[in-house]
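Q: I've got this model open on my screen and I'd like a close look at one part of it. Could you walk me through it the way you'd talk it over at the bench?

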Amino acid sequence: MDRKGIGKRLTALRVLKNETQKTVAEAIGVSESSLAMYEAGERIPRDAVKIRIAKHFGVSVQSIFFDD
């Protein structure tokens with residue numbers, strides 16, 4: 001999956017849970033600006049952060065970052 005697609009998935013998961021970027025960023029231990037860059041497709045999180053994101057949303061890492 002490309003960066004933009006990953007960003008769209010991250011944004012959709014956050015909106016589905018009705019959370020702000022700030023609350024998600026705090027929950028997964030990254031800055032709000034880092035999360036914004038992930039959602040915009042400007043950066044890909046490192047593996048440890050991918051795991052925290054998946055756990056936060058209750059989905060698999062695969063479903064966010066690798067499935068097409």
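What follows is a close look at helix 3 and the parts around it. In which helix does Glu39 lie, which residues does Glu39 touch, and at what angles does helix 3 pack against helix 2 and cross helix 1?

A: One thing before we start: this is a predicted model, so every number below is computed from predicted coordinates.

Let's begin with Glu39 itself. You'll find Glu39 in helix 3, the stretch covering residues 32-40. Buried or exposed? Glu39 counts as buried because its relative accessibility is 11%, and the cut-off for buried is under 20%. As for company, if you skip residues up to four places away in sequence, Glu39 touches Gly7, Lys8, Leu10, Thr11, Arg14 and Gln21. With Gln21 there is also a polar contact, side chain to side chain, at 2.8 Å.

That Gln21 contact takes us to helix 2, which runs over residues 21-28. Helix 2 and helix 3 pack with their axes 8 Å apart and an angle of about 105 degrees. That angle falls in the 65 to 115 range, so helix 2 is roughly perpendicular to helix 3. If you want to click through the residues that meet here, helix 2 brings Gln21, Lys22, Val24, Ala25 and Ile28, while helix 3 brings Glu32, Leu35, Ala36 and Glu39.

Now swing round to helix 1, residues 3-16. The axes of helix 1 and helix 3 come within 6 Å, and they cross at roughly 120 degrees. Helix 1 is therefore oblique to helix 3. On the helix 1 side, the contact is made by Lys4, Gly7, Lys8, Leu10, Thr11 and Arg14; on the helix 3 side, Tyr38, Glu39 and Ala40 do the job. Glu39 turns up in the contact with helix 2 and again in the contact with helix 1.

Next, the loops. Between helix 1 and helix 2 sits Asn18. Asn18 has a positive phi of about 55 degrees, even though it's not a glycine. Asn18 is exposed, with a relative accessible area of 71%. From Asn18 to Glu39 is 21 residues in sequence and 15 Å in space, C-alpha to C-alpha. The loop between helix 2 and helix 3 holds Gly29, which is exposed with a relative accessible area of 56%. Gly29 and Arg52 are 23 residues apart along the chain, and their C-alpha atoms are 8.3 Å apart.

Back in helix 3, have a look at Ser34. Ser34 is buried, its relative accessible area being 11%. Its C-alpha is 8.4 Å from that of Pro45, a residue eleven places away in sequence.

Helix 1 has something to show too: Leu13 lies there. At a relative accessible area of 17%, Leu13 is buried. Leaving out its neighbours within four places in sequence, Leu13 is in contact with Phe57, Val59 and Ile64. Phe57 is 44 residues away along the chain, yet the two C-alpha atoms are separated by 6.9 Å.

Last stop, the rings. Lys50 lies over the face of Phe65, 5.3 Å from the ring centre. With ring centres required to lie within 6.5 Å, the count of aromatic pairs comes to zero.

So, to pull your part together: Glu39 is buried in the model, and helix 3, where Glu39 sits, is roughly perpendicular to helix 2 and oblique to helix 1.

Methods: Residues are numbered from 1 along each chain as its sequence is written. This is a predicted model: local features need pLDDT of at least 70, side-chain atom pairs count only at pLDDT 80 or more; totals for chains, interfaces and linings use all residues. Side-chain values use heavy atoms; hydrogens and water are left out. Rings of Phe, Tyr and Trp (its six-membered ring) pair if their centres lie within 6.5 Å; planes under 30 degrees apart count as stacked, over 60 as edge-to-face and the rest as tilted. A charge sits over a ring if NZ of Lys or CZ of Arg is within 6 Å of the ring centre and within 35 degrees of the ring normal. Helices (H or I, at least four residues) and strands (E, at least two) are DSSP runs, numbered from the N terminus. Buried means under 20% relative accessible area, exposed over 50%, partly exposed in between (1.4 Å probe, protein chains only). A polar contact is a pair of N or O atoms within 3.5 Å; within protein, one must be able to donate a hydrogen and the other to accept it, and residues adjacent in sequence count only if both atoms are side-chain atoms. Contact means heavy atoms within 4.5 Å. Axes are lines fitted to C-alpha atoms, for helices over the stretch in contact, and angles run from 0 to 180 degrees between N-to-C directions. Angles under 35 degrees count as roughly parallel, over 145 as roughly antiparallel, 65 to 115 as roughly perpendicular and the rest as oblique.
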